[in-house]
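Please find below a colleague's note on the structure, arranged as numbered points. Each point takes up one region or one feature of the backbone or side chains.

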Amino acid sequence: MVAPTLADEQLDELLELTADCDSVELKLTVPEAQHFSTARALGLDPLDAQIRQVYFFDTPNLALNKQGLVVRARRVQRKSGGDAIVKLRPVVPSDVSSKLRRSPAFNVEVDAMPGGFVCSGTLKRRVDNADVQAVVSGDRPLSSLFSRGQREFIVRHSTREVGLDDLTVLGPILVLKLRYEPERLRRQLVVELWTYPDGSHVLELSTKCRPEEAFQVAAESRVFLSRQGVDLSGEQQTKTLKALKFFAARAAEAASS
């Protein structure tokens with residue numbers, strides 16, 4: 001799913017990053033006008049999808065996001081628990097401490113989409129759905145969702161002091177997530193439909209792979225999607241940034257009214 005339009009210096013950087021990361025996720029967002037035709041072409045059944053609620057936590061002016069930090073929690077259908085995540089991007093894998101790289105809760109991943117890529121470091125913790133609900137309802141402090149290591153990670157990478165329990169709840173976003181393995185592709189494809197409160201949607205197709213096979217998987221995925229009639233040339237959207245900007249604007253309006 002990575003477009004062959006990267007400049008030579010970008011390709012060099014991508015090769016360097018993938019050589020030292022834990023995984024690569026290849027992503028493609030489909031133009032909204034083609035969501036239905038894409039779902040039909042891929043034979044997707046929405047009844048097979050898993051429902052998720054995604055919440056972000058930041059200041060109304062997105063102070064953490066401006067420093068590359070994303071603080072997020074998810075509630076997941078058909079599971080007792082979701083997760084609480086702290087993500088930093090961009091990161092240089094060689095700059096990450098060896099202690100953190102050895103942690104099973106930490107992952108360095110390159111997200112690549114047509115025309116661009118970014119390397120991120122993610123520290124994840126499993127949490128109960130009920131715990132997430134209690135936090136967003138105001139019955140428990142936000143800090144209770146995150147481990148000591150995650151809280152220290154936020155402090156370490158934040159240039160300004162931001163109290164975790166003072167952050168604003170930005171969400172939720174309703175997400176339908178479907179995993180399936182097309183016979184012609186012979187690898188798992190993940191489909192996510194993000195629905196925003198204004199009625200807009202982002203449809204993302206993705207697949208994960210080992211760093212050393214990223215370019216081969218990208219080529220195979222592009223061929224498969226092209227043959228299914230999926231538009232690979234549409235403007236790419238970032239699900240997280242769209243969500244953060246939407247809810248930050250809503251929070252600003254509420255504060256000024």
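1. Pro172 is located in strand β7, which covers residues 168–180. The peptide bond that leads into this proline from Gly171 is cis, and its omega is near 10°. The model is a predicted one, and the cis assignment should be read in that light.

2. A cis peptide bond also joins Arg89 to Pro90, here with omega near 0°. Pro90 belongs to the loop between β4 and α4, the latter being residues 98–102.

3. Two residues other than glycine deserve a check of their backbone angles. Leu62 has a positive phi, near 60°, and lies in the loop between β2 and α3 (63–66). Is Leu62 buried or exposed? Its relative accessible area is 9%, so Leu62 counts as buried, the cut-off for that class being under 20%.

4. Arg186 is the other case, again with a positive phi near 60° in a residue that is not glycine. Its position is in the loop between β7 and β8. Arg186 is classed as exposed because its relative accessibility is 71%, and the class requires over 50%.

5. The aromatic side chains merit attention. Searching the whole structure yields four aromatic pairs. In one of them, Phe56 and Trp194 are tilted, with 35° between the planes and 6.4 Å centre to centre. This pair connects distant parts of the chain, since Phe56 is in strand β2 (residues 50–58) and Trp194 in strand β8 (residues 189–195), 138 residues apart. Phe56 is buried, at a relative accessible area of 0%, and Trp194 is likewise buried, at 3%.

6. Trp194 also pairs with Tyr196, in a tilted arrangement of 6.5 Å centre to centre and 35° between the planes. Trp194 and Tyr196 are both buried. Together, Phe56, Trp194 and Tyr196 make up one aromatic cluster.

7. Which charged residue sits over the ring of Tyr196? It is Lys242, whose charged end is 4.9 Å from the ring centre.

8. Helix α8 runs over residues 239–256 and contains 18 residues. From first C-alpha to last, α8 reaches 26 Å, close to the 26 Å expected at 1.5 Å a residue. Among the buried residues of α8 are Lys239, Thr240, Leu244, Phe246 and Phe247.

9. Arg72, in strand β3 (residues 69–76), is a point to examine when charges are assigned. Arg72 is buried yet lacks a salt bridge. The nearest side chain of opposite charge is that of Asp83, 5.1 Å away, whereas a salt bridge requires a side-chain nitrogen and a carboxyl oxygen within 4 Å. Beyond its neighbours within four places in sequence, Arg72 is in contact with several residues, including Phe56, Asp83 and Phe146. Phe56 is thus a contact of Arg72 as well as a member of the aromatic cluster.

10. Helix α5 spans residues 129–136, and its buried residues are Asn129, Val132, Ala134 and Val135. These buried residues pack against β2, β3, β4 (81–88) and β6 (116–128). Just after α5, Gly138 adopts a positive phi of about 90°.

Notes:
Residues are numbered from 1 along each chain as its sequence is written. This is a predicted model: local features need pLDDT of at least 70, side-chain atom pairs count only at pLDDT 80 or more; totals for chains, interfaces and linings use all residues. Side-chain values use heavy atoms; hydrogens and water are left out. Rings of Phe, Tyr and Trp (its six-membered ring) pair if their centres lie within 6.5 Å; planes under 30 degrees apart count as stacked, over 60 as edge-to-face and the rest as tilted. Helices (H or I, at least four residues) and strands (E, at least two) are DSSP runs, numbered from the N terminus. Buried means under 20% relative accessible area, exposed over 50%, partly exposed in between (1.4 Å probe, protein chains only). A charge sits over a ring if NZ of Lys or CZ of Arg is within 6 Å of the ring centre and within 35 degrees of the ring normal. Lys and Arg count as positive and Asp and Glu as negative; His and the chain ends are not counted. Contact means heavy atoms within 4.5 Å. The expected span of a helix is 1.5 Å times one less than its number of residues.
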